[in-house]
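The following paragraphs lead through a single protein chain, from its aromatic contacts to its surface and its charged pairs. Please keep the sequence and the model in view while reading.

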Amino acid sequence: RHALHRLVLAIVGALVALGVLLRRIDELLDLADQHASRLAQSDERLLELGLVVDGLPDADRGVGLRKRAIFKVYVNGLYVPQKSTDAATLINEKGARRASLRMLRDVDADSFVSAFTDGLKANLSEAQLTALKPQIDTFNATLKSIGEAKKGDVINFDYTPEGGTRITVNGQPKGSAIPGHDLYAAVMRIWLGDKPVDDGLKKGL
């Protein structure tokens, strides 16, 4: 009888401890969400510094946080001539634009390129991918030339009607300009298409 009583007490004690642990986990998750929110707001302010695209001096800006599982990957600041809540309008805008990624963690070159490649495949038809293959190949080669994307890096994807798509890392140009509006619209679909890489990021943009 005493042994059974001790067993019951042990079980009750274990359940109480489990309850305390679960409450602590909930508290930690809440703190993580609050920290992510503050981080996004902080990086939003950082993105305001020195980001002017030629022909786009008074840009409107949307900001979204890219997360993968529990990890924060980058903050994306989208600068357009006129802000819109319609994704199709943002994708098909013909004027000068900038998508500015501020890295929040290190991402190796292969993973960085694969993320863009997967995003394009998810949001473009086979016919569109085939038509854009030369531009996409050039785009991917430029991304590969970046190497590892380091925490704190600012990677800009700029578009102007005259110059096409240009990529810079911390202000340094990478590769050559890629002509044509269709490629930039395709890249925008990675974040704003029907199958965005992150629904929360799309909402922020």
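Is Phe116 buried or exposed? In this predicted model, Phe116 has a relative accessible area of 4% and is therefore buried, the cut-off being under 20%. Trp191 likewise counts as buried, at 2% relative accessibility.

These residues belong to an overall architecture of seven helices and six strands. Along the sequence, the elements follow the order α-β-β-α-β-α-α-α-β-β-β-α-α. The chain has 205 residues, of which 39% count as buried. Among its contacts between residues at least 6 apart in sequence, 63% join residues at least 24 apart.

The aromatic residues offer a way into the interior. The structure holds seven aromatic pairs. In one of them, Phe116 and Trp191 meet edge-to-face, with 6.0 Å from centre to centre and 85° between the planes. Phe116 belongs to helix 3 (residues 109-123) and Trp191 to helix 6 (residues 181-192), so this pair ties together parts that lie 75 residues apart in sequence. Another pair is formed by Phe139 and Phe157, whose ring centres are 6.0 Å apart; with planes at 35°, the pair is tilted. Here the partners come from helix 5 (residues 133-146) and strand 4 (residues 154-160), so parts 18 residues apart in sequence are tied together. Both Phe139 and Phe157 are buried. Ring pairs join these four residues and Phe112 into a cluster.

Helix 6, which carries Trp191, deserves a closer look. Helix 6 has twelve residues and reaches 16 Å from its first C-alpha to its last, close to the 16 Å expected at 1.5 Å a residue. Ten of the twelve residues are buried, so helix 6 is largely enclosed by the rest of the structure. Among the buried residues are His181, Tyr184, Met188 and Leu192.

The charged residues come next. Four salt bridges are present in the structure. In one of them, the side chains of Asp158 and Arg98 meet at 2.5 Å, N to O. This salt bridge links distant parts of the chain, since Asp158 is in strand 4 and Arg98 in strand 3 (residues 97-103), 60 residues apart. Asp158 counts as buried at 12% relative accessibility, and Arg98 at 8%. A further salt bridge joins Asp198 and Arg66 at 4.0 Å, N to O. Asp198 lies in the loop between helix 6 and helix 7 (199-204), whereas Arg66 lies in strand 1 (residues 60-68), so the pair ties together parts 132 residues apart in sequence. Asp198 is buried, with a relative accessible area of 12%, and Arg66 is buried at 12% relative accessibility.

The salt bridge between Lys133 and Asp137, at 2.8 Å, N to O, has another setting. Lys133 and Asp137 are four residues apart in helix 5, which means that about one helical turn separates them. Lys133 is partly exposed, with a relative accessible area of 48%, and Asp137 is partly exposed at 39%.

Finally, the surface. The chain exposes about 11800 Å², and carbon and sulfur atoms supply 54% of this area. A nonpolar surface patch of about 570 Å² is made by Leu7, Ile11, Leu15, Leu18, Leu21 and Leu22. Of these residues, Ile11 is found in helix 1 (residues 2-47). Ile11 is partly exposed, with a relative accessible area of 45%.

Note on methods. Residues numbered from 1 in each chain as written. Predicted model: local features only at pLDDT ≥ 70, side-chain atom pairs only at ≥ 80, totals over all residues. Heavy atoms only, no water. Phe/Tyr/Trp six-rings, centres within 6.5 Å; stacked < 30°, edge-to-face > 60°. Helix = DSSP H or I, 4+ residues; strand = E, 2+ residues; numbered from the N terminus. Buried < 20%, exposed > 50% of the residue type's maximum accessible area, 1.4 Å probe, protein only. Contact = heavy atoms within 4.5 Å. Areas by Shrake-Rupley, 256 points an atom, 1.4 Å probe, with all protein chains shown as cover. Patch = residues over 30% accessible without salt bridge, like charges linked within 9 Å, V, L, I, M, F, W, Y side chains within 5 Å. Expected span 1.5 Å × (residues − 1).
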